[in-house]
Amino acid sequence: MKVSARERTSLRAMEEFARRYGQGPTALREVAEVQGLPLPYLGRVAVSLRRAGLLESVRGAHGGYLLSRTPSEISVGDIFRAVEGSIVPLECTDGEGATCANVSDCAARSVWQAVTRRLEETLDSTSLADLLQRE
């Protein structure tokens, strides 16, 4: 499985917002500089994170973005879903696999379902606070 550029960018940005939690809004430009991220791309990712309710935006001269909840309340799974929609985009692991023509005779389906469950469990049980503690 590959982690998408959107997932990597969103996680790095959210880690930076978590480091600054409680210090007020942070400009995306600052996050981009510290994390070495392209500002235009970060801006598009931030919109997805805000729409998902993970970031709040503050307008004005001292505006920017800040986490909408504490770092311990935001999981890596929340972040990945906010920017990609699902954690493992395999049709056969979503519900009954209605869009996959091979769902009824696919020997590998149970493997993909197990992988998806384990990955979701790991990402959902890892918070931004956990990541910061590992630094």
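Contacts across long stretches of sequence dominate this chain: among those with a separation of 6 or more, 62% join residues 24 or more positions apart. The model is a predicted one. The chain has 135 residues, and 37% of them count as buried. Its accessible surface comes to about 7,900 Å². Carbon and sulfur atoms hold 50% of that surface.

Now the order of the parts. The secondary structure comes to six helices and two strands. Read along the sequence, the pattern is α-α-α-β-β-α-α-α. Three helices therefore come before the two strands, and three come after them.

Start with helix α1, which spans residues 5–19. A13 lies in this helix. Is A13 buried or exposed? Its relative accessibility is 1%, so A13 counts as buried. Leaving out residues up to four places away in sequence, A13 touches V31, L37 and L42. A13 also pairs up in space with A46: the two are 33 residues apart in sequence, yet 8.4 Å apart from C-alpha to C-alpha.

E15 lies in α1 as well. Its relative accessibility is 19%. Buried means under 20%, so E15 counts as buried. Which residues does E15 touch, beyond those up to four places away in sequence? They are L128, L131 and L132.

Helix α3 covers residues 39–51. Y41 has its place there. Leaving aside neighbours within four places in sequence, Y41 is in contact with A5, R6 and T9. The link to R6 can be followed at the level of atoms. The side chain of Y41 reaches the backbone nitrogen of R6 at 3.2 Å. From C-alpha to C-alpha, Y41 and R6 are 8.6 Å apart, with their positions 35 residues apart in sequence.

Next comes α4, residues 76–84. Which of its residues are buried? They are V76, G77, I79, F80, A82 and V83. Their cover includes α1, α3, α5 and α6. Just after α4, G85 takes a positive phi of about 95 degrees.

F80 gives a view of this helix from one residue. F80 is found in α4. Its relative accessible area is 5%, so F80 is buried. Leaving aside neighbours within four places in sequence, F80 is in contact with V3, E7, L11, G85, S86, I87 and L123. F80 and R6 are 74 residues apart in sequence. In space, their C-alpha atoms are 8.2 Å apart. R6 has already appeared as a contact of Y41.

How do α4 and α5 meet? Two packed helices are described by the angle between their axes and the distance between the axes. Here the axes of α4 and α5 come within 6 Å and cross at roughly 110 degrees. Angles of 65 to 115 degrees count as roughly perpendicular, so α4 and α5 are roughly perpendicular to each other. On the α4 side, the residues that meet α5 are V76, G77, D78, F80 and R81. On the α5 side, they are E120, L123 and D124. By class, this contact has three nonpolar, one polar and four charged residues.

Beyond α5, which spans 109–124, a loop leads to α6, residues 128–133. S127 is found in that loop. With a relative accessible area of 7%, S127 is buried. A polar atom of the S127 side chain lies 3.3 Å from the backbone nitrogen of A129. Not counting residues up to four places away in sequence, S127 touches P71, S72, I74 and S75.

The last stop is L131, found in helix α6. Why does L131 count as buried? Its relative accessibility is 19%, and buried means under 20%, so L131 falls on the buried side. Leaving aside neighbours within four places in sequence, L131 is in contact with L11, E15, V76 and T126. E15 is in α1, and V76 is one of the buried residues of α4. L131 and S75 are 56 residues apart in sequence, and 9.7 Å apart in space from C-alpha to C-alpha. S75 is also among the residues that S127 touches.

How values were computed: Residues are numbered from 1 along each chain as its sequence is written. This is a predicted model: local features need pLDDT of at least 70, side-chain atom pairs count only at pLDDT 80 or more; totals for chains, interfaces and linings use all residues. Side-chain values use heavy atoms; hydrogens and water are left out. Helices (H or I, at least four residues) and strands (E, at least two) are DSSP runs, numbered from the N terminus. Buried means under 20% relative accessible area, exposed over 50%, partly exposed in between (1.4 Å probe, protein chains only). A polar contact is a pair of N or O atoms within 3.5 Å; within protein, one must be able to donate a hydrogen and the other to accept it, and residues adjacent in sequence count only if both atoms are side-chain atoms. Contact means heavy atoms within 4.5 Å. Axes are lines fitted to C-alpha atoms, for helices over the stretch in contact, and angles run from 0 to 180 degrees between N-to-C directions. Angles under 35 degrees count as roughly parallel, over 145 as roughly antiparallel, 65 to 115 as roughly perpendicular and the rest as oblique. Ala, Val, Leu, Ile, Met, Phe, Trp, Tyr, Cys and Pro count as nonpolar, Asp, Glu, Lys and Arg as charged, and the others, Gly among them, as polar. Accessible areas come from the Shrake-Rupley method with a 1.4 Å probe; for residues, only the protein chains shown count as cover.
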